[in-house]
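These are my notebook entries on one structure. I looked up the ring contacts, the metal site, the fold and a few loop residues.

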Amino acid sequence: MDSEIETEDKTDSRRGDIMDKWVCIVCGYVYNPEEGDPDGGIDPGTAFEDIPESWACPLCGVSKENFERQ
Ligand SMILES: [Zn+2]
């Protein structure tokens with residue numbers, strides 16, 4: 001029974017991570033998972049972690065490596 005409680009906790013924290021916003025450290029652009037990046041081919045509701053490595057910042061063009069969690 002104790003293990004069931006632990007499982008619920010992990011699910012909650014993971015759900016929070018998915019909707020985290022990420023900021024471009026070069027230009028300050030904020031990626032919002034709820035909006036995605038339609039112009040860049042990213043559908044609304046896409047977690048930052050699920051964006052393809054080929055994606056680039058829509059404002060300054062740097063890669064995902066230059067973003068950090070807000
Ligand atoms: Zn940028």
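I began with a criterion: a charge sits over a ring if NZ of Lys or CZ of Arg is within 6 Å of the ring centre and within 35 degrees of the ring normal. By this criterion I found lysine 64 over the face of phenylalanine 48, at 5.1 Å from the ring centre.

I noted the basis of the entries. The model is predicted, so I recorded that local features need pLDDT of at least 70 and that side-chain atom pairs count only at pLDDT 80 or more, while totals for chains, interfaces and linings use all residues. Residues are numbered from 1 along each chain as its sequence is written, and side-chain values use heavy atoms, with hydrogens and water left out.

**Entry: fold**

I took helices (H or I, at least four residues) and strands (E, at least two) as DSSP runs, numbered from the N terminus. The protein has one helix and three strands, and along the sequence I read the pattern α-β-β-β.

For accessibility I used three classes: buried means under 20% relative accessible area, exposed over 50%, and partly exposed in between (1.4 Å probe, protein chains only). Of the 70 residues in the protein, 27% are buried. I looked up the accessible surface (Shrake-Rupley method, 1.4 Å probe; for residues, only the protein chains shown count as cover). It comes to about 5,000 Å² for the protein, and 46% of this belongs to carbon and sulfur atoms.

I counted a contact where heavy atoms lie within 4.5 Å. Among contacts between residues at least 6 apart in sequence, 41% join residues at least 24 apart.

**Entry: aromatic rings**

A pair of aromatic rings is described by the distance of the centres and the angle of the planes. I applied these cut-offs: rings of Phe, Tyr and Trp (its six-membered ring) pair if their centres lie within 6.5 Å, and planes under 30 degrees apart count as stacked, over 60 as edge-to-face and the rest as tilted.

How many aromatic pairs does a search of the whole structure find? I recorded seven. In one of them, the rings of tyrosine 31 and tryptophan 55 have centres 5.8 Å apart and planes at 70°, so I entered the pair as edge-to-face. This pair links distant parts of the chain, 24 residues apart: tyrosine 31 is in strand S2 (residues 30-31), and tryptophan 55 is in the loop between S2 and strand S3 (67-69). Both tyrosine 31 and tryptophan 55 are buried.

I then followed the ring pairs further and found that they link Trp22, Tyr29, Tyr31, Phe48, Trp55 and Phe67 into a cluster.

**Entry: zinc site**

I took as donors the N, O and S atoms within 2.8 Å of the metal (3.2 Å for Na, K and Ca); water is not among the atoms, so sites may look incomplete. Which residues coordinate the zinc ion? I found Cys24 (SG), Cys27 (SG), Cys57 (SG) and Cys60 (SG), at 2.3 to 2.4 Å. Along the chain these donors follow the spacing C-x2-C-x29-C-x2-C. Cysteine 24 in strand S1 (residues 22-24) and cysteine 60 in the loop between S2 and S3 are 36 residues apart, a pair that links distant parts of the chain.

For the geometry, four donors count as tetrahedral if all angles lie between 85 and 135 degrees. The four donor atoms here subtend angles of 104 to 118°, and the arrangement is therefore tetrahedral.

I also compared burial at the site: cysteine 24 is buried, at 1% relative accessibility, whereas cysteine 60 is partly exposed, with a relative accessible area of 33%.

**Entry: the loop between S2 and S3**

The contacts below leave out residues up to four places away in sequence.

Proline 44 lies in this loop and is exposed, at 53% relative accessibility. I listed its contacts as Pro33, Glu34, Glu35 and Gly36. The C-alpha atoms of proline 44 and proline 33 are separated by 6.3 Å, with the residues 11 apart along the chain.

Threonine 46, in the same loop, is buried, with a relative accessible area of 17%. Threonine 46 touches Tyr31, Pro33 and Ile51.

Proline 58 is also in the loop and is partly exposed, at 40% relative accessibility. I found proline 58 in contact with Tyr29 and Asp37.

Leucine 59 belongs to the loop as well. Is leucine 59 buried or exposed? I entered leucine 59 as exposed, with a relative accessible area of 63%. Leucine 59 is in contact with Cys27 and Tyr29.

How values were computed. Four donors count as tetrahedral if all angles lie between 85 and 135 degrees; four count as square planar and six as octahedral if opposite donors are over 155 degrees apart and all others between 65 and 115; anything else is irregular.
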